[in-house]
Amino acid sequence: MSQGEERYRQERARIEQGHTKYRDKLKAEGKLFVRDRLRLLLDPGSEFEEEWLFARSQEADTPADGVVTGVGKVGGRPVCIMANDYTVKAGSWGEKTVLKIVRIQEKAARLQIPLLYLVDAAGGRISEQIKIFPGRFHAGRIFYNEVQLSGVVPQICILFGPSPAGSAYLPALTDVVIMVEGKASLYVGSPRMVEMAIGEKTTLEALGGARMHCTVSGCGDVLAASDEEAIEVAKRYLACMPQSFRERPAAAAPVAPMPGRSIDEIVPYDQRKWFDMYEVIDRVVDAGSWLELKRLFAQEIIVGFGRLGGRVTGIVANQPKVRGGVLFVNSSDKAARFIWLCNAFNIPLVYLADVAGFMVGTKVEREGIIRHGAKMVFATAQATVPKISVIVRKCYGAGLYAMCGPAFEPDAALALPQGQIAIMGPEPAVNAVYYNKIMELPEAERAAWVKQKRDEYAEDVDIYKLASEMLVDDVVPGSSLRAELIKRLEYAQTKVHEFPARRNGVYPV
């Protein structure tokens, strides 16, 4: 071995170890070293093409300047990767760190392949702020590039540790954020800064912990128990995605759905009885394929990916078990973002509707239910991928529009025999229209008269009557729903639907 080669090997080995004195601290905290994370993420035996390994600060010993970037294979597919090394100045951003991140983003754009951000960083280095903060190719360029890449290639963030202050926007601008419980955190100002600025005393977990963001703020999409679990979730998510917006997700071998009660047994005819929509989803998607996003947030609506006959499909489903499945501010936002995600990457949509509409009352009006509800309606109208609406049971009011009713160009509007479509349900409708008449009747006669009117109303919105008026395309027994969806999605694959040319819509956000 030549002297030059020996020096190369020694220098490379030294850099790849990070700062070894901090490795034990990572282990004690239950966190993996950055290169151990990469070994779990990348395909065994595959080559990792690392970029700019020898980058470092001129003012301190910062191996690789605290970030690993390069191209590797996950699930047999090439992807670009950025991964913070927490042993080097707590993963903080220096001049070369920022430049490496910007360059790997540019490479993902050129190669048209997904970009994974493995984030575990303490933010920007104040000592290098003039070199990392204000300039054209400084930290702001990272966020600019994320927006340029949005909807072009999948961007996945695994948040293993902190991402504070300005760097908090790196996860926020990706497509999906997977957070490790008890370790990941996301905040604009630290607890100390919050106390100094506004006098509020708080803790890191309450302020910006993983569970808070996955349940309250909605910034987190998946709460993982460990680094290992977070990496597995990222792999599963990536398998649902194409390489770029120009492609479709890869198909897999079809798998039968989970065994259990039939949909006909699960969904009651009585509109006042709740059921668990997860059971319906289990009967529809291929077993083992379900990957849910934002499960802990706005649980009255369910969004996630499942395979139908081997093909990736996005599911948007009301959950009558939680708040009656009524749409609120957060659930509208949750659904809208998921619909935009699916449409960006050629993933067909199936809506499973059992909704009484949007929530009413002073509280939600002040929170902007109309504005947020309009966001979901906008997303549904804007989606040009194949989309099928299924009236599982009831679909009332503007809930019909949000859940891709006939006016929103679904490739099919289907209904189970239990289905109802109306401006509102029989009880509120009769009370609203006939309130004065009801009050004029003797009290002893009211119940019978109201029942008669409700029965008449129910007949008027009977699903077969609606089908006779061509307001739904077909009535499908629950036992046949999966097969019907697979068939219709197969035929809709060649769909071409484009909106008039424009710079962008004016989103109701």
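How many bridges join β5 to strand β7 (residues 176–180)? There are 4 bridges between β5 and β7, and the two strands run parallel. Two strands are taken to pair if DSSP finds at least two bridges between them. Helices (H or I, at least four residues) and strands (E, at least two) are DSSP runs, numbered from the N terminus.

The model is predicted: local features need pLDDT of at least 70, side-chain atom pairs count only at pLDDT 80 or more, and totals for chains, interfaces and linings use all residues. Residues are numbered from 1 along each chain as its sequence is written, and side-chain values use heavy atoms, with hydrogens and water left out.

## Strands β5 and β14

Strand β5 covers residues 155–159, and 5 of its 5 residues are buried. Buried means under 20% relative accessible area, exposed over 50%, and partly exposed in between (1.4 Å probe, protein chains only). Both faces of β5 are covered, with Gln155, Cys157 and Leu159 on one side and Ile156 and Ile158 on the other. Within the pairing of β5 with β7, Leu159 stands opposite Met179. Strand β5 also pairs with strand β4 (residues 115–119) in the parallel sense, and here Tyr117 stands opposite Cys157.

Strand β14 (residues 387–396) is likewise mostly covered, with 10 of its 10 residues buried. Its parallel pairing with β13 places Leu352 and Val390 as bridge partners. On β14, Ile388 stands opposite Ala412 in β15, and Cys395 stands opposite Ile421 in β16. The table lists the parallel pairings of both strands.

| Strand | Partner | Bridges |
|---|---|---|
| β5 | β4 (residues 115–119) | 5 bridges |
| β5 | β7 (residues 176–180) | 4 bridges |
| β14 | β13 (residues 349–355) | 6 bridges |
| β14 | β15 (residues 412–415) | 4 bridges |
| β14 | β16 (residues 420–422) | 3 bridges |

## Nonpolar cores

A nonpolar core is a set of buried Ala, Val, Leu, Ile, Met, Phe, Trp, Tyr and Cys residues joined through side-chain atoms within 4.5 Å. The largest such core has 72 residues, and those with the most contacts inside it are Phe305, Val316 and Met376. Helix α14 (residues 329–344) supplies the largest share of this core, 7 residues. A second, separate core of 32 residues includes Val71, Cys80, Trp93 and Val102.

## Aromatic pairs and charges over rings

Rings of Phe, Tyr and Trp (its six-membered ring) pair if their centres lie within 6.5 Å; planes under 30 degrees apart count as stacked, over 60 as edge-to-face and the rest as tilted. By this rule the count comes to 7 aromatic pairs. One of these pairs is formed by Tyr237 and Phe305, which count as edge-to-face because their planes stand at 70°, with the ring centres 5.9 Å apart. This pair links distant parts of the chain, since Tyr237 belongs to helix α11 (residues 227–239) and Phe305 to strand β11 (residues 301–308), 68 residues apart. Both Tyr237 and Phe305 are buried.

Phe378 and Tyr507 form a tilted pair, with 5.1 Å from centre to centre and 50° between the planes. This pair too links distant parts of the chain: Phe378 is in helix α16 (residues 369–382) and Tyr507 in the segment after α21 (481–491), 129 residues apart. Tyr507 has a relative accessible area of 36% and is therefore partly exposed. Ring pairs also link Tyr237, Phe305 and Phe338 into a cluster.

A charge sits over a ring if NZ of Lys or CZ of Arg is within 6 Å of the ring centre and within 35 degrees of the ring normal. Arg23 lies over the face of Phe33, at 3.8 Å from the ring centre. Arg295 is placed over the face of Tyr278, at 4.4 Å from the ring centre.

## Two loop residues

Contact means heavy atoms within 4.5 Å. Asp43 is in the loop between α3 (34–41) and β1 (49–51). Not counting residues up to four places away in sequence, Asp43 touches Lys73, Val74, Gly75 and Gly76. The C-alpha atoms of Asp43 and Lys73 are separated by 5.8 Å, although the two residues are 30 residues apart along the chain. The side chain of Asp43 reaches the backbone nitrogen of Gly75 at 2.7 Å.

Is Lys294, in the loop between β10 (291–293) and β11, buried or exposed? Lys294 counts as buried because its relative accessibility is 8%. With residues up to four places away in sequence left out, Lys294 touches Gly218, Gly220, Asp221 and Lys334.

Technical notes. A polar contact is a pair of N or O atoms within 3.5 Å; within protein, one must be able to donate a hydrogen and the other to accept it, and residues adjacent in sequence count only if both atoms are side-chain atoms.
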